[in-house]
Amino acid sequence: MSDSLAQRLRRQLNARLAKPRRVFVTPGGDEFTAWCRDMPGTAVEVIVSARALHELVAEPGLPLADLDAVQAYAQQQFAHYFGASAQRFAIAPWQQGEACGASALHGLDLAALRAQADAAQVRIAAVRPAWAAWLASLPAAARAGSGRAVWHEGDVAVIVTLDHGRVTGLQSRRINTLAELGGDAPLAVGTPDSDFLPQPGPVTPQPDFLPRSARSPIAWPLAATGALVLATAAWSAVESHRALDVAQAARDRVAALRPAAAPKPAAARRAEPAENRAAFEARALLAMPWEPLLTRVETAGADAKSIAWLGLDASAGRGELRLEGLTPDKLLALQLAEQLGTTPGWRQVVLSRFSAAETGLVGQRFEINARVPTGGGS
């Protein structure tokens with residue numbers, strides 16, 4: 001395997017396990033282009049400037065049962081106002097109780113953004129409007145209030161109307177100063193220099209321009225991690241075989257220059273496992289029943305709802321599986337370990353670590369270790 005392919009695999013693995021960082025992007029996406037150039041193999045949440053967006057809040061009482069219905073309605077409305085160009089808009093719907101709406105992305109090409117990310121092995125965790133990411137970063141008291149929260153970018157302002165924490169209005173306006181808005185003082189004012197780190201508190205709209213999947217959001221990260229583990233192990237096995245071939249050739253040359261020594265079968269048998277350890281691990285990883293394993297983890301995490309997976313690591317030779325994630329409290333992590341312990345073939349399922357999450361992550365970090373079935377049935 002070439003060095004460039006090995007580097008690509010390492011970057012993909014790093015991106016899958018990395019904590020997403022936030023990048024504020026204006027129309028055209030130059031900031032994201034620079035990020036992909038300078039920071040390959042990372043994970044990002046793209047925060048989209050108000051200058052690249054159109055906003056819509058649906059009239060109260062419309063029969064919009066879910067996000068798909070909201071998106072279909074928003075596409076019709078944007079097409080009515082902006083004509084044929086609206087067909088190119090990516091739509092990010094949101095719902096908050098009976099209120100719902102959508103953002104339309106007109107100043108960025110989402111497909112081009114994702115292609116840039118793939119080329120640089122950068123994982124895009126989300127693509128969100130700046131006003132929504134900023135609203136989620138406000139203190140709980142501000143988010144639960146009634147009044148106006150204002151997202152301000154130079155001569156553009158997005159006025160978010162809140163009614164006891166529920167978004168009831170979104171309006172984009174051209175202004176020179178905040179004083180032009182009149183009325184009572186805003187509950188909060190955000191700018192591109194704001195800290196977008198989410199804070200605990202009332203739920204806020206979280207529109208996302210990335211396509212929604214019918215599967216659990218952890219399915220692809222877990223499957224990708226498993227695939228990368230297999231690829232990395234296979235690469236190690238290839239390198240091991242290559243080194244073994246070189247050593248074998250050197251030994252044959254030495255043997256040709258001196259009388260053959262009496263064979264030592266027992267010693268050879270002892271050395272063989274060490275020489276082929278990487279190849280054995282690769283074969284064991286390939287033989288593991290990944291589909292039922294990942295499906296079980298996915299189902300358990302989906303049942304827990306508030307569990308967020310961070311990573312997966314497997315040692316096929318020992319039949320061990322290690323899972324890392326985030327949870328609001330220890331009880332949920334204990335319940336998850338107990339639930340996984342009821343799975344046929346899963347043994348010694350224990351919550352091995354529980355600690356405060358690192359800066360930038362919300363919740364408590366936990367680690368679950370388990371003995372799981374391997375391809376050999378052990």
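This section walks through the overall make-up of the model, one helix pair, its aromatic contacts, a strand residue and two backbone exceptions.

The structure described here is a predicted model. Its secondary structure amounts to 11 helices and 14 strands. The protein has 378 residues, of which 41% count as buried. Sequence-distant contacts are well represented: when contacts between residues at least 6 apart in sequence are considered, 67% of them join residues at least 24 apart.

Turning to the helices, it helps to recall that a packed pair is described by the angle between the two axes and the distance between them. For helix α2 (residues 30-38) and helix α4 (residues 110-119), the angle is about 10° and the axes are 9 Å apart. Because angles under 35 degrees count as roughly parallel, α2 is roughly parallel to α4. The crossing of these two helices is left-handed. On the α2 side, the contact is made by Phe-32, Thr-33 and Cys-36, and these meet Leu-113, Gln-116 and Ala-117 of α4. In terms of chemistry, the residues of this contact comprise four nonpolar and two polar ones, with no charged residue among them.

Aromatic side chains offer another view of the fold. Six aromatic pairs are found in a search of the whole structure. In one of them, Trp-94 and Trp-131 are arranged edge-to-face, with 6.3 Å from centre to centre and 70° between the planes. This pair links distant parts of the chain, since Trp-94 belongs to strand β4 (residues 90-96) and Trp-131 to helix α5 (residues 130-136), 37 residues apart. Both partners are out of reach of the probe for nearly their whole surface: Trp-94 has a relative accessible area of 1% and is therefore buried, and Trp-131, also with a value of 1%, is buried too. Elsewhere among the aromatic residues, Phe-24, Trp-134, Trp-151 and Phe-196 are linked by ring pairs into a cluster.

Trp-94 also appears in the surroundings of Ala-99, a residue of strand β5 (residues 99-105). With neighbours within four places in sequence set aside, the contacts of Ala-99 are Trp-94, Arg-166 and Val-167. Ala-99 has a relative accessibility of 9%, so this residue counts as buried. A further link across the sequence is seen with Pro-205: this residue and Ala-99 are 106 residues apart along the chain, yet their C-alpha atoms are separated by 9.6 Å.

Finally, the backbone deserves a friendly second look at two places. Most residues other than glycine have a negative phi. His-164, which is not a glycine, nevertheless has a positive phi of about 50°. This histidine lies in the loop between β8 (156-163) and β9 (166-174). Its relative accessibility is 66%, and because the cut-off for an exposed residue is over 50%, His-164 counts as exposed. Gln-348 is another non-glycine residue with a positive phi, here near 50°. In contrast to the loop position of His-164, Gln-348 is found in a strand, β13 (residues 347-356). Gln-348 has a relative accessibility of 55% and so counts as exposed.

Terms used: Residues numbered from 1 in each chain as written. Predicted model: local features only at pLDDT ≥ 70, side-chain atom pairs only at ≥ 80, totals over all residues. Heavy atoms only, no water. Helix = DSSP H or I, 4+ residues; strand = E, 2+ residues; numbered from the N terminus. Buried < 20%, exposed > 50% of the residue type's maximum accessible area, 1.4 Å probe, protein only. Axes fitted to C-alpha atoms, helices over the stretch in contact; angles between N-to-C directions. Parallel < 35°, antiparallel > 145°, perpendicular 65-115°, else oblique. Left-handed = near helix turned anticlockwise from the far one by under 90°. Contact = heavy atoms within 4.5 Å. Nonpolar A, V, L, I, M, F, W, Y, C, P; charged D, E, K, R; others polar. Phe/Tyr/Trp six-rings, centres within 6.5 Å; stacked < 30°, edge-to-face > 60°.
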